[in-house]
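Visitor: Please take one part of this structure and go through it closely. I would also like to know what surrounds that part.

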Amino acid sequence: MRIRCEYLAGPELKFLSNLDMMRMMERALRRAEIPYALSEGFNPHIKLSMGTVLPVGLWGKNEYFDLELKNRVSPDWLIQQLNTVLPPGVKIKRVKEIDYRQPALMKIINSAAYAFVLQEILLADLEQLREELMQRPDWKVKSRGKKKDVIKDLKTGIYKIEMKGQGDSVIINLTVATGEPVNIRFDELLDLLLSIGIKEENIIDIYREANYVKIQEKYLTPLEKVI
Amino acid sequence: MKDKLFREILPLVSKPVRYTGNELNMISKSWTESQCRMVLAFPDVYEVGMSHMGSKILYGLVNEKTDHLLERSYAPWPDMEALLRRNKIPLYSLESYRSLAEFDVVGFSLQYELSITNCINMLDMAGIPIHSSDRGETDPMVIAGGPVVFNPEPFAEFFDAFLIGDGEEILPEYLDLCYAVRGLPRGDKLLAMAKIRGVYIPALYRAEYGEDGLFKSLMPLQEGVPDRIQKRVVTDFDQSYFPDRPIVPYMNVIHDRAILEVMRGCQRGCRFCHAGMVYRPVREKKVETLIRQAGAQIKSSGYEEISLSSLSTLDYTGIKSLVTQLVENYGPCGIGVSLPSLRVDAFSIDLANEVQKVRKTTLTLAPEAGTQKMRDIINKNITEEQLLEAVQAAFESGWNSLKLYFMFGLPYEEEEDLAGIIRMLKEVKAVGSRYARRAVEIKAGLANFVPKAHTPFQWHQQNSMEEFDIKKEYLIKARGKDRGIKLDFHNSSTSFMEGVLARGDRRLAPAIYKAWQYGCKFDSWTEYFQYDQWCKALEETNIDPGFYALRARGQEENFPWDFIDIGISREFLWQEYEMARQEKVTLDCRQDGCNDCGICVEFGINMEILEEQS
């Protein structure tokens, strides 16, 4: 049986690297006595594959992994077993069976939404800043990826900029491309926000809101888009 | 504070997970409802400290079995230290994020002599006075335990108390007393503590030295203070506490696996080995106890590997039966078993084969010396034949990378002994070319021998840095162009300082303090060790380091550590030293009958050895 899991990687775990997160999940699978499948060979490992890398320093509301099992189990049972043993801050939200032929998460996720939580700034002022941003012909920042000296234009890769008030803070939600036409990293978005006059000390939290499979104008979660 | 840490500081440091705590199985006890509040301070980074078995035992024991509380703190890496100091955040514990200064007891685990500078640095980062004499009524009791405190004297000025011997025996009793004497003046507390067996309160003693500069005696300053401190020993080792729910770190620490302590102590009697002398007698756990502990740990941790730990795991009587059962129970779920150290014989290789059905990475063996004469001197009772047999078995069963550990600068060492190391390496490689399926890689770890207190070589002079360096050159030259043999040396200046502290006395404290003021910390990390600063500190405090490290001692000389009673008589150690000079071996008393080292008689205990199992 092959399953896809959607989970919360809470703020408590935001400093974990991708490898730390994967090790944490594997250990939870063992504690929960999930009938995971092992790979063949001299050094068998759990057939677990994580979705796109959650950057160190960010937490994730909706993250994903795929897992192969030796035998069939009910998704509800699995959620319950795992949630009993996972450390505080991590929670399996949804589980869905998927076909063995379906492509890996890394292949299908092509968009993500990042949320920047700001304090001591008015929504109206932010709307103003957004207007100014929209006027600019390009949104150029220095690449934070491997090619450090390259200047990147983020404009074609930023699909949506949404803002809303929440309590005494404001959340900027940016839905962006991960891959084609341009791979946008959260720290490049941060640089962009700083370049339009947002102050770093006003940003109190950054998290990944969602991972999407974008098909034309539709944003599907990896659980909805399974073919 | 935590909020500022998470938002402003941790995003800027390397490996922030070192400083967040909140790991699986962490225990957060109520601050107000706990009697005595202690923080276990480990004077090295998180990933080193989290690998230390003794800390895991004490953490579980105090938190689960007593009304006291035990939290953790590790030495922050210099990038984090700078940020904490700049932001005026004191060094804190990972459980409650409280400053170390808020605890009743700050306990350091001293695993290595040079970690003293990190202890001082950690105290300073929490604003705790560094010298015991400067601490007042509201300051914590600063204590230390671990292998280094079998000679506590060089560190005496910095600690209020030393706990000597097996921590699980003594720490709960110490904390009970701390709670009982709360409210008393500090001086009275110390006096009360001095009455617990195994607790050494340095402020209650005065050291005397002769005109020749030699140590004479350590005198108790008050009535009721013992003149000898007897180490504490766990007697019913099989039933002693061991954590079923170890903390599971998020980051990759050095030993990131479930641990079973199969045995404590070792009676092989290698004459250079400090641990082998101070942790006697041998005590073994029952196989069924270990199987149960493995089950509990795997269930609570989800670890992918179980490691069998002790000073000499292959000497554990039940080893075969234990390994077979563990492999049977856990192999099918992909959980492996690992043996940290292998004995040099074919049986060990067979057993290693059993547990390593998987990847055959590097196999590690420790012949320690290159000639039979030298191995007889250090009482490492293996022959070249046994080594070559073991090596052949390893190559035949698929290993093609071997690491061999040696020491040099050993007592009575001659050129031929150094040549012997290289000759042995070449022979091992030749066996490899004959029996291995691929090209073999031989690595040799060559450690500088540092004589330690409480061992038969405590009378012997250490090689000088120049001697070490000349010998190192010789070894490299003798190895020649053989690319398949890699030699890995230690830093000779680090070994020199280690040697000074290992057999030092109270007079070293000002130099240690000064070295810290000059920026010495993380001295066990090559990239941070500053020999020139240590030299400056020693010079300015008028200390001749050679007096401690490079001087041969007479049979009758009193040692600053003699008052620590490890259960082995000085006569036995001297006799062993004589035997070394005569190149005579002393066999393991488990097989060969009692050698009168004194431990069983003096402590009125017996070795705990399992019935021989087939």
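Guide: The account below starts with one helix and then turns to its surroundings. The model is predicted, so local features are taken only at pLDDT of at least 70 and side-chain atom pairs only at pLDDT 80 or more, while totals for chains, interfaces and linings use all residues. Residues are numbered from 1 along each chain as its sequence is written, and chains are lettered from A and ligands numbered from 1 in the order in which they are written.

The part chosen is helix 9 of chain B, residues 287–301. Helices here are DSSP runs of H or I with at least four residues, strands are runs of E with at least two, and both are numbered from the N terminus. The expected span of a helix is 1.5 Å times one less than its number of residues. For the 15 residues of helix 9 of chain B that comes to 21 Å, and because the end C-alpha atoms are 21 Å apart, the two agree.

Buried residues in helix 9 of chain B are B:Val287, B:Leu290, B:Gln293, B:Ala294, B:Gln297, B:Ile298 and B:Ser301. They lie on the same side of helix 9 of chain B because they cover an arc of only 130° around the axis. The arc is that of the directions from the helix axis to the C-beta atoms. A residue counts as buried with 20 or more other C-beta atoms within 10 Å of its own, as exposed with 12 or fewer, and as partly exposed in between, with C-beta atoms placed from the backbone.

The buried residues of helix 9 pack against strand 10 (258–261), strand 13 (305–309) and helix 10 (319–330) of chain B, and also against helix 1 (18–31) of chain A. Contact means that the C-beta atoms of two residues, placed from the backbone, lie within 7 Å. Just after helix 9, B:Gly302 has a positive phi of about 75°.

The packing against helix 1 of chain A leads to the interface between the chains. There, 18 residues of chain A are in contact with 19 residues of chain B. Helix 1 of chain A gives the most to the chain A side, with six residues. By class, that side holds 10 nonpolar, three polar and five charged residues. Ala, Val, Leu, Ile, Met, Phe, Trp, Tyr, Cys and Pro count as nonpolar, Asp, Glu, Lys and Arg as charged, and the others, Gly among them, as polar.

Elsewhere in chain B, B:Cys273 sits in the loop between strand 11 (263–264) and helix 8 (274–278). B:Cys273 is buried because 22 other C-beta atoms lie within 10 Å. From B:Cys273 to B:Phe457 the C-alpha distance is 9.2 Å, although the two are 184 residues apart in sequence.

Domain bounds come from an automatic or database domain assignment. In chain B, that assignment gives domain 1 (2–208 + 218–225) and domain 2 (234–341 + 572–614). The centres of these two domains, taken over C-alpha atoms, are separated by 27 Å. Across the boundary, 22 residues of domain 1 of chain B are in contact with 23 residues of domain 2 of chain B. Helix 3 of chain B gives the most to the domain 1 side, with six residues. The residues of that side divide into 10 nonpolar, three polar and nine charged.
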